[in-house]
Amino acid sequence: MHLFWQQFKLPIICGGMGLLLAILLVTIGFFKTLLLLVLTALGVAVGFYLQATGFFEPFFNRKNNF
């Protein structure tokens, strides 16, 4: 099974994403799905930016002194 996963990892992941996209298009419609995808991409971009700048590093690295 591990060999199967290693050989077909990307087709399985992309097929799952295509299925999810098709379900979203059918259930909530084109424009709501498009808005959802755009906002998700924006959130990922903001997350990468905050990680690259180290904005939250002081909050995660400090010890709790209660």
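Begin by selecting Phe55, Phe56 and Phe59, which together form one aromatic cluster in this predicted model. Colour the three side chains so that their rings stand out, and then take the pairs one at a time.

Look at phenylalanine 55 and phenylalanine 56, whose ring centres lie 5.0 Å apart and whose planes meet at 85°. Because planes over 60 degrees apart count as edge-to-face, this pair is given that name. Now move to the pair made by phenylalanine 56 and phenylalanine 59, where the centres are 6.2 Å apart and the angle between the planes is 50°, an arrangement classed as tilted. Across the structure, the count of aromatic pairs comes to four.

Keep the cluster selected and switch on a surface. Are these rings buried, exposed or partly exposed? Phenylalanine 55 has a relative accessibility of 49% and counts as partly exposed, phenylalanine 56 is partly exposed at 37%, and phenylalanine 59, at 48%, is likewise counted as partly exposed. These values fall in that class because buried means under 20% relative accessible area and exposed means over 50%.

Next, select helix 2, residues 9-28, together with helix 3, residues 30-53, and turn the view until both axes can be followed. The two axes come within 7 Å of each other and cross at roughly 130°, which makes helix 2 oblique to helix 3. To see what fills the contact, show the side chains of Leu21, Leu24, Leu25 and Ile28 on helix 2, which meet Phe30, Lys32, Thr33, Leu36 and Leu37 on helix 3. Sorted by character, the residues of this contact comprise seven nonpolar, one polar and one charged.

From that contact, pick out threonine 33, which lies in helix 3. Which residues does threonine 33 touch, leaving aside its neighbours within four places in sequence? The contacts are with Leu21, Leu24, Leu25 and Ile28. With a relative accessible area of 1%, threonine 33 is buried, and this is worth holding beside the chain as a whole, in which buried residues make up 3% of the 66 residues.

Finally, hide the side chains and zoom out to the backbone. The chain has four helices and zero strands, so that a walk along the sequence gives the pattern α-α-α-α. The C-alpha atoms fill a box of roughly 50 × 40 × 25 Å along the principal axes. The radius of gyration is 19 Å, whereas a compact globule of 66 residues would have one near 11 Å.

Note on methods: Residues numbered from 1 in each chain as written. Predicted model: local features only at pLDDT ≥ 70, side-chain atom pairs only at ≥ 80, totals over all residues. Heavy atoms only, no water. Axes fitted to C-alpha atoms, helices over the stretch in contact; angles between N-to-C directions. Helix = DSSP H or I, 4+ residues; strand = E, 2+ residues; numbered from the N terminus. Parallel < 35°, antiparallel > 145°, perpendicular 65-115°, else oblique. Contact = heavy atoms within 4.5 Å. Nonpolar A, V, L, I, M, F, W, Y, C, P; charged D, E, K, R; others polar. Phe/Tyr/Trp six-rings, centres within 6.5 Å; stacked < 30°, edge-to-face > 60°. Buried < 20%, exposed > 50% of the residue type's maximum accessible area, 1.4 Å probe, protein only. Rg over C-alpha atoms; globule rule 2.2 N^0.38 Å.
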